[in-house]
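Reader: I would like a close look at one part of this protein, the charged pairs and what surrounds them. Please start with a single residue and work outward from there.

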Amino acid sequence: MSIQRTLSIIKPDATRRNLTRVINEHLKRSGLKVVAQKRLLLTKAQAAKFYEVHAERPFFSELCEYMTSGQVVVQVLQAEDAVSLNRKVMGATNPEEAEAGSIRAEYALNITENSVHGSDSLENARIEIAFFFAEFELVV
């Protein structure tokens, strides 16, 4: 295995409920290290660009509305095999199907307000990290 970086977003439902610290503690306990972080209020244009891969899906508009409904915390996580580790720690997209103890099982409200986003592949992690962060913002 190799050291990887992946993007994590703490979504509006979680930031509204002040869960940023709790979620980050969960990530840290799993071995993921936060190497860059910022709090943002996404515009509709930014959300649409970030999620453009889903533009043809029926949930796209609702997703963009939700992601612009409040603050998000975008962060870069680093660890050995970070992409798959973060996916495991997050749990299934649908919290009803998420493994007990995962972030979504513990904190998600529903399939839309599921508290966190994580890159689904190393290639997408690189693209998603570059969307939010300049290289100089990434601390080793």
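Author: Start with D13. Its relative accessibility is 2%, so D13 counts as buried. Keep in mind that this is a predicted model.

What does D13 pair with? D13 forms a salt bridge with R17. The closest N and O atoms of the two are 2.6 Å apart. R17 has a relative accessible area of 33%, so it is partly exposed. So one partner, D13, is buried, and the other, R17, is partly exposed.

The count of salt bridges comes to 7. Look at two more. R21 pairs with E25, with 2.8 Å between the closest N and O atoms. Why can these two meet? R21 and E25 are 4 residues apart in helix 2, residues 20-29, which means about one helical turn separates them. The general rule is simple: an α-helix has 3.6 residues a turn, so residues three or four places apart point the same way. R21 is exposed, at 56% relative accessible area. E25 is partly exposed, at 35%.

The other pair is E52 and K49. Their closest N and O atoms are 3.3 Å apart. Relative accessibility is 45% for E52, which counts as partly exposed. K49 is partly exposed too, at 47%.

Stay with helix 2 for a moment. Which of its residues are buried? They are T20, I23, N24, H26 and L27. These buried residues cover an arc of only 155 degrees around the axis, so they lie on the same side of helix 2. Now turn to the face that points away from this buried side. It carries the exposed residues R21, K28 and R29. R21 is the partner of E25 in the salt bridge above. Just after helix 2 comes G31, with a positive phi of about 105 degrees.

Two other residues also have positive phi, and neither is a glycine. D81 has a phi of about 55 degrees. It sits in the loop between strand 3 and helix 5. At 23% relative accessibility, D81 is partly exposed. S115 has a phi near 70 degrees. Its loop runs between helix 6 (103-107) and strand 4. Is S115 buried or exposed? It is buried, at 0% relative accessible area.

Now go inside. The largest nonpolar core has 20 residues. L7, I9, Y51, M67, V76, F132 and F133 touch the most other members. Six elements each supply at least two residues of this core: strand 1, strand 2 (33-40), helix 3, helix 4, strand 3 (72-80) and helix 7. Helix 4 gives the largest share, 5 residues. There is a general trend behind such cores: in soluble globular proteins, nonpolar side chains tend to be buried together.

Strand 2 also holds a charged residue, K38. Its relative accessibility is 22%, so K38 counts as partly exposed. The cut-off for buried is under 20%. K38 and F131 are 93 residues apart along the chain, and 13 Å separates their C-alpha atoms.

Next, the pockets. The largest has a volume of about 740 Å³. It is lined by 27 residues. Nearest its centre lie Y51, V53, H54, L63 and H117. Several elements give two or more residues to this lining: helix 3 (44-50), helix 4 (60-67), helix 5 (82-90), strand 4 (116-118) and helix 7 (122-132). Helix 7 gives the largest share, 4 residues. Y51 appears twice in this account: close to the centre of the pocket, and among the core residues that touch the most other members. How do the lining residues divide by class? There are 10 nonpolar, 8 polar and 9 charged residues.

The second largest pocket holds about 180 Å³ of space. Its lining includes I3, R5, L122, R126, F133 and E135. Strand 1 (3-10) and helix 7 each supply at least two of its lining residues. Helix 7 again gives the largest share here, 4 residues. This lining has 7 nonpolar, 1 polar and 3 charged residues. F133 belongs to this lining, and it is also one of the core residues that touch the most other members.

Conventions: Residues are numbered from 1 along each chain as its sequence is written. This is a predicted model: local features need pLDDT of at least 70, side-chain atom pairs count only at pLDDT 80 or more; totals for chains, interfaces and linings use all residues. Side-chain values use heavy atoms; hydrogens and water are left out. On a 1 Å grid over the protein atoms alone, a cavity is a set of points where a 1.4 Å probe fits but cannot get out, and a pocket is an open set with protein on both sides within 12 Å along at least five of seven lines; lining residues have an atom within 4 Å of a point. Grid points are joined across faces, edges and corners, and a volume is the space filled by probe spheres set on the points. Ala, Val, Leu, Ile, Met, Phe, Trp, Tyr, Cys and Pro count as nonpolar, Asp, Glu, Lys and Arg as charged, and the others, Gly among them, as polar. A salt bridge is a side-chain nitrogen of Lys or Arg within 4 Å of a carboxyl oxygen of Asp or Glu. Buried means under 20% relative accessible area, exposed over 50%, partly exposed in between (1.4 Å probe, protein chains only). The arc is that of the directions from the helix axis to the C-beta atoms. A nonpolar core is a set of buried Ala, Val, Leu, Ile, Met, Phe, Trp, Tyr and Cys residues joined through side-chain atoms within 4.5 Å.
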